[in-house]
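Trainee: I should like to learn how to read the features of a two-chain model in an orderly way. Where should we begin?

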Amino acid sequence: MLPRPHLGGAAIISFLLALAFGRLGAADVMFKITDVKNAPVVDAVVALYPLDAPLPPATPTAPVEIEQRNTEFNPFVTALRVGSAAQLPNHESRIEHHVYSSSPAKPFEFPLYKPGKSETVVFDKPGVVVLGCNIHDWMLAYVVVLETPWFATTAADGTAKIAGLAPGRWRAEVWHPRLKDAANAGLAVAEKREFTLAADAVAPVQTFNLKLEPDRRIRRSPTLRGAGYK
Amino acid sequence: MPSPRFQFHRFGTRLLALLLGLLFVVLATTYALVARASRANAQDHAAQNLAVAAGIFDRTVQQRIEFLAASASLMTGDFTIKRFFLQAERPDFDTLSSTLESYTERVDSTVIVLLAHDEARTLLANSDQAMNHENLEPFRYLSRLAAERDEPVVHGFSYLNGQLSVLVVVPLYAPRPKIAAWFGLTFPIDRAFAEDLKRTTRIEVTFVSTDDPAQPRVLATTLPEAAAAHSAIAARQSLGQTAPFLLDLPALSPDSPATALANADLSAAATERYVTLFKRQPMLGENAMTIVLQRPLRPELAAARELQKHLLWISLAAFALATVFAFWISRGVSRPVLQLAAHTHHIAAGDYARRIEETRADELGQLARAFNRMSAGLAERDRIRDLLDKNVSPEVAAQLLRDGATLGGEEREVTILFADLRGFTTLSEKFAPRDVLNLLNRYLDRMSAEIEKNGGVIDKFIGDAIMALFGAPVAQGDAADRALAAALAMERALAELNRELAAEGKMPLALGIGINTARVVAGNIGSHRRLNYSVIGDGVNVAARLQALTRTPEYRTNIITSAATVAALRQKSAPGILPVFSAHGQEARATSIRPLGSVHVKGRAEPVEIFAVEPAV
């Protein structure tokens, strides 16, 4: 799974905001997320909320894609701004899927659609949406629907970068699927921290040390992994 | 003295008592040990069965839980259920309740409830409308426990509408780890469950609630009501009891009226003893419940009883054998002993000729041989004594037997009597020797008899002469008196013999007797091979000389004695006359002693004063 920082829209907006505030010297902030053993944490969602200014109004962006391939969702964690849409293409060769969510932020289901087809869902409420497949219990994906345009997902080295930030006070929120009760409680379990971004200064790396639960994902059945009967 | 027979009977009885007593101790001990061991074994066996039953109970419950959990897992994964939570609008929970109702049929759960994954665990759907918010607390408790522990299945015992039940709570994942709701399933621990357990384990099962100390409640049981009530009381009284123990329960048939209940007097009623095991079963948020597992002891003891019966028969047979054996041994001992006893009677009676059979090799055989040897020895001694009596005088024989035939003697005062037949040499020439011998024997026989009657001892016969001793070998205080009495008796006996001879037309005999008292040496005289008891001394010669003096016509007497003898007389109240003389029951006779003056005796320097002895007129 490749880390996919969703910076396209955010960068433009921050650029515009910087223009609006009359300051072109916007700052970048690096995040480094580790667990209690100081191992880098992938798939953590980092979101920044300005405390000195209101959030900019949401504007539609290009839909992100969460594909189903090899009876897995890909990517595992997707962060997007509220109002954005996601496409759920079935990239299997033969198997149908029945993608659903029971999360209050976006309950939906797409009963049994064939390979090659794709469904699109618009996430109109902030929160964590857990995607499942009614046919394959082990299939699991998280869509983190955020109100802020400033967010990123950590890469395999546990780092993420959010660019184009105005100086001032910010609240950082870090969410990860393996935080305790993350699937049920959603963003409420996110680690939060406030910090001030000084003008014309190099922002220090924001490090978060997360206490993560063991990975309790359902194991895939052996036959579908191609191992066959033995 | 008890009769020997009785004694030996007692010996046999004692032997019998000993054998039977020992046998009894051994058998009784064995019996008691076997009984105790088999009882303990039966209890152990029952206790093991109870422990196994307790394990089977746990396993059965666990299997039911696993079955329900698996069923629940399948249900929650089912599209039918899940889709209720995928709709944006409020789900149709009435339909969901109906769905759950049909599910209860499918998985044989008494009730299935669906609780929301919210703080209050709101009831969403319910297969049984009787289940309301109040009695769902155990499910709520379990679902919170499951969320806390992040476990896919939690379960526990609780009362659901008063019914003891096992509750299973499973989360409805949509998808995992997102919890959409909670599934609660249950199955009852009721009489059917208890009966099922009994079928598998053949153990009586009673579930008892001890929440109310005054009134323990039987929740379900395989026992008759009264027995179960008793078990419940016992369970209440011994909550901490974890080891198996024995409990008496009323042995009522299952259809007995329940009136004879918990407090019924067990001593009056028929009871059945049960090996009982209490198993405490924790309850959700409540006091633990007690599972009473029981197995009657009687069937467990059946094998032991059989063994004991066999043992009893073996014991009786051993007793009988021991009795026979004891009789045999006692008879084997007592018969020969009785024989020996009879033999001693024969020996006591002087019958030494009998012999005991010497067939045995044991101690009794040795004893028999010793007896026979003793008989032979006694017979030999008797024979020797007999011969001795004939050859020597009885007193000498007795002295020989007493002191042994050893050479040597002792000095003592003895009165010596010498008697000689006058004119015997002429007689021998006239008659045939056989006739002479016959006559001589007749004469000697009479004389000997008179001497012995008066306590004299024939020392020896010297042809027709007799030498007799008074005061030897046995000392006599009145030896002199006896000698004089004997002499006079001989004179009379000869007169009697002469009358007989006259009647036979034979010549009369005449004798002369000399009596002297002197200190002599008395003892066994001779060689080591042959010896005689006799006396040696000058006094003996004097007696012989005095006898010879009776031939002197002017003395006109047949009996001459010396002054020493007269001096030794005990009876001398009147001079010259012995007024009374008594010996050996003979009638008293007066004796006259007439002095004859002094004579010179050949071989002696001193003259000897002599006296004639005559019967008093």
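Mentor: We begin with the vocabulary of secondary structure: helices, of at least four residues, and strands, of at least two, are DSSP runs numbered from the N terminus. Please keep in mind throughout that this is a predicted model. With those terms, B:P175 can be placed in the loop between β4 (163–173) and β5 (179–188) of chain B.

Trainee: What kind of peptide bond joins B:A174 and B:P175?

Mentor: The bond between B:A174 and B:P175 is cis, with omega of about -20°. Chain A offers a second case: A:N74 and A:P75 are joined by a cis peptide bond whose omega is about 0°.

Trainee: Where do A:N74 and A:P75 lie?

Mentor: A:N74 belongs to strand β5 (residues 72–74) of chain A, whereas A:P75 is in the loop between β5 and β6 (77–81) of that chain. Burial is judged by counting C-beta atoms within 10 Å: 20 or more make a residue buried, 12 or fewer make it exposed, and anything in between is partly exposed. A:N74 has 15 such neighbours and is therefore partly exposed. A:N74 can also be related to A:L140: the two are 66 residues apart in sequence, yet their C-alpha atoms are 9.2 Å apart in space.

Trainee: Turning to backbone torsions, what is phi of A:N70, and what is phi of B:R556?

Mentor: Phi of A:N70 is near 60°, a positive value in a residue other than glycine. A:N70 is placed in the loop between β4 (67–69) and β5 of chain A, and with 14 other C-beta atoms within 10 Å it is partly exposed. B:R556, also not a glycine, has a positive phi of about 50°. B:R556 is located in the loop between α13 (538–549) and β16 (559–562) of chain B; because its count is 11 other C-beta atoms within 10 Å, B:R556 is exposed.

Trainee: Is B:S143 buried or exposed?

Mentor: B:S143 is buried, because 25 C-beta neighbours lie inside 10 Å. B:S143 is part of helix α4 (residues 137–149) of chain B. Setting aside residues up to four places away in sequence, B:S143 touches B:L115, B:R121, B:V169 and B:W182. For B:W182, the separation from B:S143 is 39 residues in sequence and 6.7 Å between C-alpha atoms.

Trainee: How many residues does the largest nonpolar core have, and which have the most contacts inside it?

Mentor: The largest nonpolar core has 124 residues, and A:V46, A:V143, A:V144 and B:F183 have the most contacts inside it. Beyond its neighbours within four places in sequence, B:F183 contacts B:A72, B:M75, B:T76, B:I112, B:L114, B:V169, B:V170 and B:L172. Another core, of 56 residues, lies apart from the largest one; B:A489, B:L511, B:I513 and B:V613 are among its residues.

Trainee: How do α11 and α12 of chain B pack?

Mentor: The general idea is to compare N-to-C directions along the fitted axes; an angle over 145 degrees counts as roughly antiparallel. Helix α11 (residues 433–453) of chain B and helix α12 (residues 479–504) of chain B pack at about 150°, with axes 9 Å apart. The two helices are therefore roughly antiparallel to each other, and α11(B) passes α12(B) in a right-handed crossing. On the α11(B) side the contact is made by B:Y443, B:R446, B:M447, B:E450, B:I451 and B:K453, which meet B:A486, B:A489, B:M490, B:A493 and B:L497 in α12(B). This contact has eight nonpolar, no polar and three charged residues.

Trainee: How many residues of chain A are in contact with chain B?

Mentor: The size of an interface is often given as the accessible area lost when the parts come together. Here we have residue counts: 15 residues of chain A are in contact with 17 residues of chain B. On the chain A side, β9 (108–113), β11 (127–133) and α2 (182–185) each supply at least two residues. By class, the chain A side has seven nonpolar, five polar and three charged residues.

Trainee: How are the chains themselves summarised?

Mentor: Chain A has two helices and 17 strands, and 34% of its 230 residues count as buried. Chain B has 14 helices and 19 strands, with 35% of its 617 residues counted as buried.

Definitions and conventions. Residues are numbered from 1 along each chain as its sequence is written. Chains are lettered from A and ligands numbered from 1 in the order in which they are written. This is a predicted model: local features need pLDDT of at least 70, side-chain atom pairs count only at pLDDT 80 or more; totals for chains, interfaces and linings use all residues. Two residues are in contact if their C-beta atoms, placed from the backbone, lie within 7 Å. Ala, Val, Leu, Ile, Met, Phe, Trp, Tyr, Cys and Pro count as nonpolar, Asp, Glu, Lys and Arg as charged, and the others, Gly among them, as polar. Axes are lines fitted to C-alpha atoms, for helices over the stretch in contact, and angles run from 0 to 180 degrees between N-to-C directions. Angles under 35 degrees count as roughly parallel, over 145 as roughly antiparallel, 65 to 115 as roughly perpendicular and the rest as oblique. A crossing is left-handed if the near helix is turned anticlockwise from the far one by less than a right angle, and right-handed if clockwise. A nonpolar core is a set of buried Ala, Val, Leu, Ile, Met, Phe, Trp, Tyr and Cys residues joined through C-beta atoms within 7 Å.
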